[in-house]
Amino acid sequence: MTGNPLRQGDRAITVADHEFRVDGEKVSLYGGAVHYWRLDRDKWDGILQSVKDLGFNMISIYIPWEAHEIERGVFDFGQQDPRTDIDAFLTLCEEKGFKIVVRPGPQINSEMTWFGYPKRILADQDLHALSAQGSKSVLTQVPKPIPALSYTTEKFFDETALWFDAICEILARHAHPKGGIIAAQVDNEMAFFFGINAYSGDFSASSLAAYREFLRGKYGSLDEINAVHGTQYGTEAEIDPPRRFEATDRTGIARQVDWVEYRERYLVDSMDRLATMMRERGLDQIALFHNYPHPLGPGGAASGFTTPFNIPALEEKLDYVGFDIYSRKHLYDHVKTVASYVVGTSRYPYIPEFIAGVWPWYLRPGEAYDEEFVTKAALMHGIKGFSRYMLVERDRWLDSPIRRDGRVRDKAQMFAQANAMQVDGGFGALRRESDVLLLANREYDRLEAASVLVSFPGDFLETPSGFSEYPNRMTVAEDTLGFDQPVQVAKGEWFLSFYKALYDSGYGFLLSDTALEPGRWARYRAVVVGTFDYLNATTQQALVDYASAGGTLVIGPKIPELDSSMRECRILADALGDSSAAESSGQVFGVGDGRIVLIPDLATVPEVLGTVLEESTASRVRKSDERLDVVVHRDDQQPSRRVVFVCNPTAEAIQARIGVGVTVTGAQDLWGGGQLTTQDGELTLDLPPYTIEIADCTVQA
């Protein structure tokens with residue numbers, strides 16, 4: 001399932017280097033979702049005017065197959081129900097001057113009973129994904145559980161083609177340069193219908209065929225598959241994936257994690273095919289993107305944002321990919337991690353769904369201030385665009401800033417203030433100051449995903465137990481698999497230790513994972529990544545190349561001497577030469593023009609990492625309290641300007657003194673207005689609980 005190559009150079013719309021450009025002009029996307037088919041048509045104009053008055057410049061339009069199909073191949077676009085006249089709604093958005101982002105599915109969720117599909121699609125057993133036991137994979141959603149669909153069966157794409165034939169004909173008439181549509185989302189939150197557990201699906205016949213094709217492409221022959229997996233299949237048709245975690249030693253790892261890697265490829269290939277179908281139907285001149293669901297589970301700060309998601313791989317097919325963020329002020333680490341990962345990984349750091357209001361079955365919805373705090377936190381970490389979900393209230397959604405009749409709630413002023421601040425403050429020209437890249441190791445994340453022993457229905461119903469569908473220490477096997485420690489558990493401990501050491505010490509850092517194209521590592525003074533007994537040859541070579549070119553590479557606790565097939569692979573070990581002395585708290589090896597630092601002891605991570613980064617002259621802030629988080633943004637157009645975000649993510653007031661590496665001569669509060677206090681070239685702030693101060697600083701460069 002491969003589609004047309006991504007060719008932005010042929011278009012008037014380009015997405016690169018954190019910029020979205022239309023006809024060469026950089027544009028910002030501050031918008032929100034308006035569900036036209038759920039709103040009285042005579043209220044559309046007033047609603048859109050309220051959106052415009054709040055300073056939003058983009059409308060995100062979900063277009064449900066479910067609401068438009070009358071019968072197979074027959075659609076209502078306003079002929080029967082005036083609310084379904086999508087052509088008229090697009091025209092009205094254009095008349096109001098909005099940029100438009102469309103989301104025609106085929107799946108849109110939108111708290112619809114059938115997730116946006118016609119009921120007949122879900123009733124068709126030929127389209128169902130299957131669990132490891134051969135039963136239907138089921139999404140336990142409100143108001144009704146629905147079967148998960150297989151995105152590998154030809155019949156699914158044939159049915160989708162009928163819908164795309166109808167809707168894309170309308171959308172193409174409004175696509176830039178003819179109209180206001182500048183981007184389209186391909187499907188919605190594709191994550192096996194929230195079946196994150198590796199063994200929940202998809203084990204349908206078409207998926208198994210795709211899995212065998214994946215293995216053939218990776219290994220080249222059945223003999224090599226058998227050799228790596230430790231199997232004795234006589235034909236490819238006999239190959240069967242693991243249906244639970246079965247590895248007892250290192251020789252069983254490859255078979256387990258290959259299934260997890262295939263699940264990543266499943267999501268990429270299916271989105272690629274749908275994107276190709278959209279381009280073929282007239283949407284080839286606009287940007288295409290996708291939204292992965294927010295990693296709500298323990299993966300928030302434990303690198304669980306990787307598998308089955310793969311932003312680097314999907315951005316080979318689409319223009320950009322983001323994570324959705326629905327969070328509250330006491331989950332600051334979650335927002336920081338997800339936003340920092342998107343900023344560190346995506347071409348255009350965008351939140352396709354950004355909290356505004358709440359679904360009725362959310363157990364802990366928070367307060368209006370949560371939305372303000374999370375908004376500031378996302379901007380703090382470098383997000384450049386977003387779509388508020390939901391901007392306008394409707395059935396099955398509560399407390400949006402705009403009511404369904406167009407009236408504006410008091411809370412809407414916060415959204416207006418955020419929009420105005422970004423425009424007036426020139427946020428489009430800001431660049432986050434980050435000299436360190438912390439990489440999650442995707443190989444070990446795959447092992448964690450593969451070693452899960454228990455499956456929970458997921459955060460969709462947000463069970464009071466606190467368990468998540470994401471693998472975590474409570475649900476994965478703790479077997480050592482022949483190593484001296486369980487890598488699937490220890491990898492999270494090391495990632496968190498690196499994360500906390502960077503946070504506490506004030507070094508500016510971004511997140512990504514080892515799937516990120518190594519050429520992008522070069523912009524950082526230091527790269528930090530956990531390494532254990534094994535690591536694939538490609539990643540080992542990329543790490544050596546980065547250091548050889550002059551970078552500082554920090555690894556630990558092991559120097560890998562095996563590849564992912566558990567065969568000897570000493571690329572990294574050989575680059576270090578004699579590593580027998582690496583028993584100290586931190587061993588430094590000169591490699592080419594750079595160096596590699598091995599930290600074998602978890603307890604010494606803060607000390608060694610701090611020393612190494614100080615020597616690398618990585619950018620750093622000085623903060624009077626390590627609980628504070630501080631992020632500095634430079635202005636591309638004004639060298640003497642810094643925008644400094646200072647966050648108190650605790651329930652206690654903190655008196656803060658902040659140094660940003662250069663002398664601050666003056667500072668203004670970008671959010672509330674007024675002057676801020678400086679002393680001896682540093683900021684001094686009184687921060688109430690859960691507060692983010694945004695300081696527009698003039699500095700002596």
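A salt bridge is a side-chain nitrogen of Lys or Arg within 4 Å of a carboxyl oxygen of Asp or Glu. The legends below describe a predicted model, in which local features need pLDDT of at least 70, side-chain atom pairs count only at pLDDT 80 or more, and totals for chains, interfaces and linings use all residues. Residues are numbered from 1 along each chain as its sequence is written, and side-chain values use heavy atoms, with hydrogens and water left out.

**View 1. Salt bridge between Arg41 and Asp85.** The closest N and O atoms of Arg41 and Asp85 are 3.1 Å apart. Arg41 lies in the loop between strand S4 (29–33) and helix H1 (44–53), and Asp85 in the loop between strand S7 (74–75) and helix H3 (86–95), so the pair ties together parts that are 44 residues apart in sequence. Helices (H or I, at least four residues) and strands (E, at least two) are DSSP runs, numbered from the N terminus. Arg41 is partly exposed at a relative accessible area of 34%, whereas Asp85 is buried at 15%. Buried means under 20% relative accessible area, exposed over 50%, and partly exposed in between (1.4 Å probe, protein chains only). The structure holds 62 salt bridges.

**View 2. Salt bridge between Glu236 and Arg216.** The N to O distance in this pair is 2.4 Å. Glu236 sits in the loop between helix H7 (222–229) and H8, and Arg216 in helix H6 (residues 205–219); the two are 20 residues apart, and the pair links distant parts of the chain. Both partners are partly exposed: Glu236 has 25% relative accessibility, and Arg216 has a relative accessible area of 37%.

**View 3. Salt bridge between Arg657 and Glu682, followed by a salt-bridge network.** In the pair, the closest N and O atoms are 2.7 Å apart. Arg657 belongs to strand S26 (residues 654–659) and Glu682 to strand S29 (residues 682–687), so parts 25 residues apart in sequence are tied together. Arg657 is partly exposed, with a relative accessible area of 23%, and Glu682 is buried at 14% relative accessibility. Elsewhere, Lys218, Asp258, Glu261, Glu264, Arg442, Arg446 and Asp513 are joined into one network by salt bridges that share partners.

**View 4. Helix H13 and its surroundings.** Helix H13 (residues 442–450) has 9 of its 9 residues buried, so it is largely enclosed by the rest of the structure. Its buried residues are Arg442, Glu443, Tyr444, Asp445, Arg446, Leu447, Glu448, Ala449 and Ala450. They pack against helix H8 (253–283), helix H10 (332–345), strand S17 (436–440), helix H14 (487–505), strand S18 (509–513) and strand S19 (526–531). Asn441 is found in the loop between S17 and H13, and is buried with a relative accessible area of 6%. Not counting residues up to four places away in sequence, Asn441 touches Thr514, Val529, Gly530 and Leu535; contact means heavy atoms within 4.5 Å.

**View 5. Gly282 beside Glu169.** Gly282 lies in helix H8 and is partly exposed, at 31% relative accessibility. Gly282 and Glu169 are 113 residues apart in sequence, but their C-alpha atoms are 7.3 Å apart in space.

**View 6. Two cis peptide bonds, at Pro308 and Pro557.** Most residues other than glycine have a negative phi, and most peptide bonds are trans. The bond from Thr307 to Pro308 is cis, with omega near 5 degrees. Pro308 is placed in the loop between strand S12 (287–292) and helix H9 (311–314). The bond from Gly556 to Pro557 is also cis, with omega near 10 degrees, and Pro557 is found in strand S20 (residues 552–557).

**View 7. Positive phi at His18 and Tyr690.** His18 is not a glycine, yet its phi is positive, near 70 degrees. His18 is in the loop between strand S1 (13–16) and strand S2 (19–22) and is buried at 16% relative accessibility. Tyr690, likewise not a glycine, has a positive phi of about 50 degrees. Tyr690 is in the loop between S29 and strand S30 (691–700), and is buried with a relative accessible area of 17%.
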